[in-house]
Amino acid sequence: MKEGIKLDSEDNFIVKESALLNYLVAVIFFAIFIGVLITRNFEIGNPISEFYFIYPFILLPGIISLIKYSRDKAIIKVNKTGVFYYGVTVTDWSNFKTAYIGEEYPTVTQNSAGMSDKFSIVVTFFDPTRNCDYWYKMSLSGTQDKSPEQIISAINFYSGKNLSFEVFTI
């Protein structure tokens, strides 16, 4: 077995949201909220509409992170039968062709200077019902608990193919 691949008790390689990262984000935003509540003496006497609207904007990221922390949903699952993305079968091993790490070409917009990383795992497979090859892009989040290289290693392990760890621009 390759380094960095940890299988569960049913021999599945599972990629989930990072529980530790989501927990830390939730704690930080709740601490900010409590700090704002403790130091809010300057708003006493001001109309409600001037400052109270900020509370939901501080609480919302903490609540979202806490919900993500409490969920135990698999994003990507690789096992002896194939590759799955959010519980939906992408391909089985008999139709699998190749997989690689893809990075979207950075684009400059009004909201971004083009400095963001958008990585994906791209899986190419044969669809016997349509008699042609397809590729499927599985987007990776910044809060997942496994790296793209670990995912490719798991696909290498189960598929028996020698896949590249090189990052391609898509």
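**Entry 1. Burial and overall make-up**

I began with burial: 32% of the 170 residues of the chain count as buried. The model is a predicted one, and I read every value below with that in mind. Next I looked up the secondary structure and found 3 helices and 8 strands. I then wrote down the order of the elements from the N terminus, which is β-α-α-β-β-β-β-β-β-α-β. The chain thus opens with a strand, and β1 covers residues 13-16.

**Entry 2. The sheet**

I looked for a sheet and noted an open one of 4 strands, in the order β7-β6-β5-β8 and with mixed pairing. Which strands stand at the edges? I found β7 and β8 (167-169) there, each with a single partner strand, so one side of each has no neighbour in the sheet. From one strand to the next, the twist averages 40°.

I went through the pairs one at a time, starting from the β7 side. β6 and β7 are antiparallel, with 8 bridges between them. As a marker for this pair I took Ser 120, which stands opposite Ser 139 in β7.

The pair β5 and β6 is also antiparallel, and I noted 7 bridges for β5 and β6. Here my marker is Phe 96, whose bridge partner in β6 is Phe 125.

In which sense do β5 and β8 run? They run parallel, and 3 bridges join them. The marker I kept is Ile 101, with Val 167 in β8 as its bridge partner.

**Entry 3. Salt bridges**

How many salt bridges does a search of the whole structure find? The search gives 3, and I looked at each in turn.

Glu 104 and Lys 137 meet through their side chains at 3.0 Å, N to O. Glu 104 lies in the loop between β5 (96-103) and β6 (119-127), and Lys 137 lies in strand β7 (residues 132-139), so this pair ties together parts that are 33 residues apart in sequence. I checked the accessibility of both partners. Glu 104 has 27% relative accessibility and counts as partly exposed. Lys 137, at 32%, also counts as partly exposed.

Arg 130 and Asp 127 form another salt bridge, at 3.5 Å from N to O. Is each partner buried or exposed? Arg 130 is exposed, with a relative accessible area of 57%. Asp 127 is buried, at 14%.

Asp 145 and Lys 146 also meet in a salt bridge, and I noted 3.6 Å, N to O. Asp 145 is partly exposed, with a relative accessible area of 35%. Lys 146 counts as buried, because its relative accessibility of 15% falls under the 20% limit.

For my own reference, I added that side chains of opposite charge can pair when their charged atoms come close.

**Entry 4. The largest pocket**

I turned to the largest pocket, which holds about 190 Å³ of space. Its lining has 14 residues. Which of them lie nearest the centre of the pocket? I listed Lys 16, Glu 17, Lys 68, Arg 71 and Lys 73.

I then looked up which elements supply the lining. α1 (19-38), α2 (54-70) and β2 (74-79) each give at least two residues to it. Sorted by class, the lining has 7 charged, 5 nonpolar and 2 polar residues.

**Entry 5. Positive phi**

Last, I checked backbone angles. Most residues other than glycine have a negative phi, so I noted residues that depart from this.

Asp 11 is one of them: its phi is positive, about 60°, although it is not a glycine. Where is Asp 11 found? I placed Asp 11 in the segment before β1 (13-16). Asp 11 is partly exposed, with a relative accessible area of 47%.

Tyr 86 is another residue other than glycine with a positive phi, near 50°. I found Tyr 86 in the loop between β3 (82-85) and β4 (88-92). At 41% relative accessibility, Tyr 86 counts as partly exposed.

Terms used. Residues numbered from 1 in each chain as written. Predicted model: local features only at pLDDT ≥ 70, side-chain atom pairs only at ≥ 80, totals over all residues. Heavy atoms only, no water. 1 Å grid on protein atoms, 1.4 Å probe; cavity = no way out; pocket = protein on both sides within 12 Å on 5 of 7 lines; lining within 4 Å. Points joined across faces, edges and corners; volume = space filled by probe spheres on them. Nonpolar A, V, L, I, M, F, W, Y, C, P; charged D, E, K, R; others polar. Salt bridge = Lys/Arg side-chain N within 4 Å of Asp/Glu carboxyl O. Buried < 20%, exposed > 50% of the residue type's maximum accessible area, 1.4 Å probe, protein only. Pairing = 2+ DSSP bridges. Axes fitted to C-alpha atoms, helices over the stretch in contact; angles between N-to-C directions.
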